[in-house]
Amino acid sequence: MRAASLVVLIAVVLPFVLGQFWAYQLGLYALYAAAAVGVGLCWGRAGFLPLGQSLFFGLSAYLSGLAFIAFQGHPVVAVLALPFAALVSALLAYAIGVVVFRRTGESGAYFSMITLALCLLAFQIATSWNSVTGGFNGLKGIPGLPGLDDISDVYYVGAAILLAVLAFAGWVYAAPIGVLWQALAQNERRLQLFGFDTNQIKSLAFGASGLMAGLGGAVYAPQQGIVTPQAVGFGLSADLVIWAAVGGRGNLIGPVVGTMVVGSLTAQLRDTLPFWEVLMAVFFIVIVLMFPKGIAGFAEPLAWLLRSQRDRLVVAAPKSTAARPPARLVLDGVGVHVGEVTILDRLSLDFDAAGIFCVIGPNGAGKTSMFNVVSGELAAGSGTIALGGVNVVGLPPNRVSGLGVARKLQIPSVFPELTIADNLAIALWSGRATKLQLLAPRLRRWTSPMLQELQSRYPFLASGTRKAAELSHGEQQILELAMALLTEPRVLLLDEPCAGLSPEETGAVMEIVRWAAKRLGGAIIIIEHDMSLVKELAEVVYVLHNGTLLARGSVAEIQADPNVRAVYVGGEK
Amino acid sequence: MDPLIVTQAINVLYAVSTLAVLALGLAVIFGLLGVLNIAHGEFVMIGAYCAYVTQSNGWPYLAAVPFTLAVCGLLGLAVEWAMIQPLYRRPFDTLVATWGLSLLLRKIAEAIFGLGFYSVNIPLPGTVQFFGTEYPVYRLVLIAISVAVVASLVLWYGGSRTGSRIRAMVSNPELAQAQGISVRWLAAGTFIVGTCLAGLGGVMVAPLVPVQPFMGLDYVLRAFFVLIVGGLGSVSGLLSGAVVIGGFDSVISAATNAANGYFAVLVLSILFLWLRPRGIIARG
């Protein structure tokens with residue numbers, strides 16, 4: 001709160017300190033800054049880089065310019081067009097996100113290049129569609145905002161839009177959706193396995209950034225009185241990326257600082273210093289590679305001045321919608337082939353609804369692949385996988401998770417740059433939070449009886465502000481296991497949960513597994529190499545070999561089986 | 001045969017073959033090193049400016065080739081050392097870095113040559129009779145050069161020791177290193193081949209387009225579309241991508257206007273990303 005009031009105060013007094021000329025300039029830069037905050041959201045939070053953000057700024061500017069001209073005599077109608085124009089930009093961004101992310105989940109180079117291409121296309125349309133856009137010379141004679149003609153009014157309108165965008169961004173960053181954006185950038189696969197539709201979450205981020213650029217663009221038209229193709233041009237798109245980077249893309253205020261500082265310096269120096277823009281480009285590369293936190297990073301030591309100390313009261317989470325009575329997991333004739341290679345060969349397995357089951361087999365037997373087909377990450381070429389009678393073949397990982405399947409990966413897979421508390425919160429949201437609730441910041445304080453029990457067993461899980469990356473390997477294993485348990489799954493898949501752990505840590509994991517089996521009442525399926533662990537835990541052991549089931553039975557039965565001995569001792573099959 | 005159709009057919013052939021050369025450098029760097037060099041188009045621009053400088057000094061046009069290769073080669077070496085090599089296997093950082101590089105190269109060109117357009121005279125003016133129609137000689141020569149460049153690179157890659165070392169590096173860098181192959185220099189060399197190919201493409205097209213700082217954007221996007229449609233990792237993919245993108249673009253542009261042609265290839269590329277994310281000819 002203190003930070004917010006400080007920002008508002010600065011915004012209000014700035015024109016008195018700097019004078020009319022700068023007030024006018026800053027009124028314009030405030031609108032650009034609104035768009036730059038959106039670039040910061042995509043790049044600094046959600047981890048994908050839009051290179052054509054001016055598309056949404058310019059589209060909205062043209063729409064609002066056209067509306068202001070069309071409703072010249074009806075200023076109230078024209079003002080109503082402002083949010084409408086911004087909304088069109090937001091929806092377009094969301095739609096582009098859905099189209100590009102949906103098929104491939106691609107958020108790297110392909111996404112960036114397509115946004116760049118769309119921006120160039122928009123520029124071409126803007127310059128060539130004379131009858132609507134006014135072509136190269138632009139849309140001229142746009143009436144101003146009604147009742148605001150003073151230069152300081154222009155500034156305050158820009159500042160108000162920027163503050164609104166910052167308030168919106170500050171809110172979503174504090175809400176679960178903001179945490180999910182960060183999680184997405186760090187470990188997309190883990191998020192999918194927790195049941196989140198990551199492509200939709202990414203599209204929402206891009207849509208939100210489109211809204212921010214759209215709000216800036218909508219006000220730009222009446223403020224400047226003219227919209228030229230430069231407003232959708234590549235140059236502005238590039239500037240927005242530079243401003244966000246220089247100011248600090250991961251920070252809420254960073255892109256604003258970058259826009260104001262670089263924008264006003266450029267306006268001053270472009271003409272007097274011939275190599276200014278070359279210097280800026282070099283500066284950008286250095287910032288990106290060496291100071292990813294930008295200017296905001298240098299101000300970080302001061303952040304404690306603004307931090308408010310509040311006790312985080314916990315809120316009870318509702319029951320998981322994925323929580324259903326335990327069910328049998330049945331694989332029937334599952335085949336997976338990649339090229340010539342057979343990974344799973346008509347594999348049929350049948351797991352009881354409750355109990356601890358171990359899957360063993362030599363390297364390459366298909367154990368992890370079996371987990372991958374069950375969790376929906378690997379497509380089964382043939383056969384069915386039924387969980388309580390529902391066939392999960394063909395469902396994406398997030399839908400399988402929704403049916404009550406949780407998974408712990410072999411190498412600890414957490415969200416390293418998030419706090420332990422946020423890591424655990426994401427697991428709690430899985431299957432419990434509705435889409436609308438993802439906008440409610442109080443969800444970050446959710447807790448559940450299971451979480452409280454886990455926290456009393458492992459006190460480090462209660463140290464909320466530490467980052468997951470600071471934990472030891474063993475602690476990360478336990479954190480990920482705890483996260484998987486918090487979803488209260490019907491079927492829990494554990495891939496070598498004790499790999500790389502000390503004997504004490506191994507003991508802790510075994511204890512937690514036994515406890516979880518009782519507590520959840522469902523099936524826990526463990527891939528394990530260590531026979532001493534298997535002996536301790538397994539009720540039934542399944543031996544896989546060459547992608548198919550070789551034997552099943554109790555530990556004693558398996559050890560006596562001549563086929564199993566042949567495979568392990570290295571005799572002929 | 002109808003002369004107009006012959007002209008159009010050669011136009012399509014010209015568009016496809018030059019596009020293949022312009023995409024080749026991007027494909028080499030992306031396919032072999034996994035680095036999407038957004039500044040690829042700026043190396044094309046540098047080639048075009050080199051051609052302009054060559055001509056305005058009164059040197060023979062062919063002198064632009066070694067000139068460009070020297071400039072793009074040295075620049076490629078410096079860039080690879082400063083920002084590509086430290087970022088291998090960090091594709092997102094490389095993306096941002098090469099985007100910054102493209103910005104830098106554009107601004108440098110702007111600072112030296114200004115924002116204005118330059119035109120380069122066609123080194124081989126005149127036309128030839130061709131199936132009952134007149135066609136510019138220079139374009140026919142470009143088609144031949146394009147075919148020669150692509151073919152010789154493919155033959156060299158497939159047949160030489162260096163080619164097989166590169167293949168070893170791509171499939172397993174650690175093992176290649178252990179076999180005594182200097183992966184470090186091989187990767188640098190591969191990057192330089194890519195930037196030099198871009199520069200060469202710039203010299204080729206310079207007489208036919210306005211030379212200006214922003215010209216590279218268009219080339220890198222078109223080359224990128226070729227890679228999306230064709231898929232990475234094979235020559236047949238590159239060629240089929242060039243045929244689809246170049247052919248579609250030139251036919252639709254000729255029938256309507258350039259913006260429509262551009263829109264069509266963009267939509268086509270997005271469709272491919274959806275329906276065949278690994279391109280027409282997918283490897284493996």
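A residue is called buried here if 20 or more other C-beta atoms lie within 10 Å of its own, the C-beta atoms being placed from the backbone. With that cut-off in mind, the tour of this predicted model may begin.

**Chain A as a whole**

Select chain A. Of its 573 residues, 51% count as buried. Its C-alpha atoms fill a box of roughly 90 × 50 × 45 Å along the principal axes. Colouring by secondary structure will show 23 helices and 12 strands. Among contacts in chain A between residues at least 6 apart in sequence, 77% join residues at least 24 apart.

**The four-stranded sheet**

Next, select residues 341–351 and 390–391 of chain A. These are β3 and β6, the edge strands of an open sheet, and each pairs on one side only. The sheet has four strands in the order β3-β2-β5-β6, with antiparallel pairing. Within this sheet, turn to β2 (residues 329–338) and β5 (residues 382–387) of chain A, which pair in the antiparallel sense over five bridges. One position to label is A:Val330, whose bridge partner in β5(A) is A:Ala386. Now add residues 367–374 of chain A, helix α15, which packs on the sheet and touches β2, β3 and β5 of chain A. The direction of α15(A) makes about 70 degrees with that of β3(A).

**The six-stranded sheet**

Keep α15(A) displayed and move to the open sheet of six strands in chain A, ordered β7-β9-β10-β4-β11-β12, where the pairing is mixed. The edge strands are β7 (405–408) and β12 (548–553) of chain A. Neighbouring strands of this sheet are turned by 20 degrees against each other on average, direction ignored.

Select β4 (residues 355–360) and β10 (residues 523–527) of chain A to view a parallel pair joined over five bridges. Here A:Cys358 stands opposite A:Ile526 in β10(A). Helix α15(A) packs on this sheet as well, touching β4, β7, β9, β10 and β11 of chain A, and its direction makes about 145 degrees with that of β9(A). Add helix α20 (residues 503–520) of chain A, which also packs on the sheet, touching β4, β9 and β10 of chain A. The direction of α20(A) lies at about 155 degrees to that of β10(A).

**Where the chains meet**

Display both chains. The contact takes 31 residues from chain A and 26 residues from chain B. On the chain A side, select α4 (75–104), α5 (109–128), α11 (234–247) and α13 (276–290), each of which supplies at least two residues. Which of them gives the most to this side? It is α5(A), with 12 residues. The residues of chain A that touch chain B divide into 24 nonpolar, five polar and two charged.

**Chain B**

Finally, select chain B alone. Its secondary structure comes to 11 helices and two strands, in the sequence pattern α-α-α-α-β-β-α-α-α-α-α-α-α. The C-alpha trace spans about 60 × 45 × 35 Å along its principal axes. The radius of gyration of chain B is 19 Å, which agrees with the value near 19 Å for a compact globule of 284 residues. Of these 284 residues, 45% count as buried.

To close, select α9 (residues 215–230) and α10 (residues 235–255) of chain B, which pack at an angle of about 120 degrees with their axes 7 Å apart. Their crossing is right-handed. Among the residues making the contact are B:Phe225 and B:Val229 of α9(B), and B:Leu238 and B:Ile245 of α10(B). The residues of this contact divide into eight nonpolar, four polar and one charged.

Terms used:
Residues are numbered from 1 along each chain as its sequence is written. Chains are lettered from A and ligands numbered from 1 in the order in which they are written. This is a predicted model: local features need pLDDT of at least 70, side-chain atom pairs count only at pLDDT 80 or more; totals for chains, interfaces and linings use all residues. Two residues are in contact if their C-beta atoms, placed from the backbone, lie within 7 Å. Ala, Val, Leu, Ile, Met, Phe, Trp, Tyr, Cys and Pro count as nonpolar, Asp, Glu, Lys and Arg as charged, and the others, Gly among them, as polar. Two strands pair if DSSP finds at least two bridges between them. Axes are lines fitted to C-alpha atoms, for helices over the stretch in contact, and angles run from 0 to 180 degrees between N-to-C directions. A crossing is left-handed if the near helix is turned anticlockwise from the far one by less than a right angle, and right-handed if clockwise. The radius of gyration is taken over C-alpha atoms; the globule rule is 2.2 Å times the number of residues to the power 0.38. A residue is buried if 20 or more other C-beta atoms lie within 10 Å of its own, exposed if 12 or fewer, and partly exposed in between; C-beta atoms are placed from the backbone.
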